[in-house]
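Here are some short exercises to work through with the model open beside you. Try each task before you read its solution.

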Amino acid sequence: MITRYIFGSLENYYLVTRAYNILEYLLLSYLFYLYIKNKLVRNILLFSSIPFCLFCIYDFIVSKAPSLAFYPLITEYLILLLFIIYFFFEVIQESFVEPIYQKAIFWISVAFIINFSGNFFLLLYSVNSFQDEEFRNAFTLIYSSVTILKNILLCIAVTIKENHTDNQFFNDTAIDSQLDNYLPFKNQN
């Protein structure tokens with residue numbers, strides 16, 4: 001926003017959005033790398049970032065004029081959507097003591113499924129229609145609505161307090177809640 005509206009440079013704005021696409025893909029692929037249990041799928045997800053970054057750089061070099069990165073965005077949305085669906089497939093196969101909606105990763109996954117699926121076909125259609133002013137207004141409305149919904153779900157994910165009883169660290173060390181003591185981290189054996 002700063003490069004587009006404050007500095008007035010549309011070229012820098014397009015460059016920043018392309019860098020944001022790469023950063024978003026890298027961060028989300030690493031996040032789901034941490035939660036997916038299948039080693040083959042984890043490695044595919046981790047090493048898919050290299051071809052994706054190369055594709056983004058290639059698309060930037062090949063583009064004749066500065067423009068939005070429609071093809072890298074479509075590719076990012078499709079790849080990450082498949083991995084998020086696979087993550088839910090793994091979660092369904094496990095039995096949990098607590099419901100899945102009480103975990104932050106659930107809300108993060110739902111937020112990005114809505115974002116990616118809501119914007120995937122919009123971006124696919126906008127490759128050829130983005131020059132139309134009426135379509136750009138509709139594009140802005142749909143893209144903004146889906147992004148706001150994603151951000152609301154991410155806010156829910158931030159407020160979720162997870163139960164960490166299965167974590168080894170929390171079972172071994174007890175934290176004394178008495179802050180008046182001089183030893184607040186007393187090991188209670």
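F88 is buried, and F106 is buried as well. Keep that pair in mind for a later exercise. Please also remember that the model is predicted.

**Exercise 1. Describe the secondary structure of the chain and say what share of its residues count as buried.**

Solution. Start with the elements: the chain has 8 helices and 0 strands. Next, read along the sequence, and the pattern is α-α-α-α-α-α-α-α. Finally, turn to accessibility: of the 189 residues, 34% count as buried.

**Exercise 2. Find how many aromatic pairs there are, then characterise the one formed by F88 and F106.**

Solution. Step one is the count, which comes to 14 aromatic pairs. Step two is the geometry of F88 and F106: the centres are 5.9 Å apart, with 75° between the planes. An angle over 60 degrees counts as edge-to-face, and this pair is indeed edge-to-face. Step three is to place the two rings. F88 lies in helix α5 (residues 70–93) and F106 in helix α6 (residues 104–129), so the pair ties together parts that are 18 residues apart in sequence. Step four widens the view: ring pairs link F32, Y35, F87, F88, F106 and W107 into a cluster.

**Exercise 3. Which ring does the charged end of R42 sit over?**

Solution. Look at Y33: the charged end of R42 sits over the ring of this residue, 4.2 Å from its centre.

**Exercise 4. List the salt bridges and say where their partners lie.**

Solution. The structure holds 3 salt bridges, and we can take them in turn.

- D59 and R18: the closest N and O atoms are 2.8 Å apart. This pair links distant parts of the chain, with D59 in helix α4 and R18 in helix α2 (residues 10–35), 41 residues apart. Both D59 and R18 are buried; for R18 the relative accessible area is 8%.
- K37 and E94: their side chains meet at 3.5 Å, N to O. Here too distant parts of the chain are linked, since K37 is in the loop between α2 and α3 (39–47) and E94 is in the loop between α5 and α6, 57 residues apart. K37 is exposed, because its relative accessibility is 53% and the cut-off for exposed is over 50%. E94, with a relative accessible area of 30%, is partly exposed.
- E133 and R136: the side chains meet at 3.1 Å, N to O. These residues are 3 apart in helix α7 (residues 133–159), so about one helical turn separates them. E133 is partly exposed at 46% relative accessible area, and R136 is partly exposed at 30%.

**Exercise 5. Which residues form the nonpolar patch on the surface, and which helix gives the most to it?**

Solution. First collect the members: L15, I57, Y58, F60, I61 and V62, with about 600 Å² of accessible area together. Then look for the main contributor, which is helix α4 (residues 49–62) with 5 residues. As a check, take I61, whose place is in helix α4. I61 has a relative accessible area of 62%, so this residue is exposed.

**Exercise 6. How many disulfides does the structure hold, and what is the nearest cysteine sulfur to that of C53?**

Solution. A search of the whole structure finds 0 disulfides. C53 is in no disulfide, and the nearest cysteine sulfur, that of C56, is 6.4 Å away. A disulfide needs the sulfur atoms within 2.5 Å, so the distance of 6.4 Å leaves C53 unpaired. In terms of accessibility, C53 counts as buried at 17%.

**Exercise 7. How far apart, in sequence and in space, are V146 and F116, and R18 and P72?**

Solution. Begin with V146, which lies in helix α7 and is buried, with a relative accessible area of 13%. V146 and F116 are 30 residues apart in sequence, and their C-alpha atoms are 8.9 Å apart in space. Now return to R18 in helix α2. R18 and P72 are 54 residues apart in sequence and 8.4 Å apart in space, C-alpha to C-alpha.

Notes:
Residues are numbered from 1 along each chain as its sequence is written. This is a predicted model: local features need pLDDT of at least 70, side-chain atom pairs count only at pLDDT 80 or more; totals for chains, interfaces and linings use all residues. Side-chain values use heavy atoms; hydrogens and water are left out. Rings of Phe, Tyr and Trp (its six-membered ring) pair if their centres lie within 6.5 Å; planes under 30 degrees apart count as stacked, over 60 as edge-to-face and the rest as tilted. Helices (H or I, at least four residues) and strands (E, at least two) are DSSP runs, numbered from the N terminus. Buried means under 20% relative accessible area, exposed over 50%, partly exposed in between (1.4 Å probe, protein chains only). A charge sits over a ring if NZ of Lys or CZ of Arg is within 6 Å of the ring centre and within 35 degrees of the ring normal. Patches are made of residues with over 30% relative accessible area and no salt bridge: like charges are joined within 9 Å, nonpolar side chains (Val, Leu, Ile, Met, Phe, Trp, Tyr) within 5 Å. Accessible areas come from the Shrake-Rupley method with a 1.4 Å probe; for residues, only the protein chains shown count as cover. A salt bridge is a side-chain nitrogen of Lys or Arg within 4 Å of a carboxyl oxygen of Asp or Glu.
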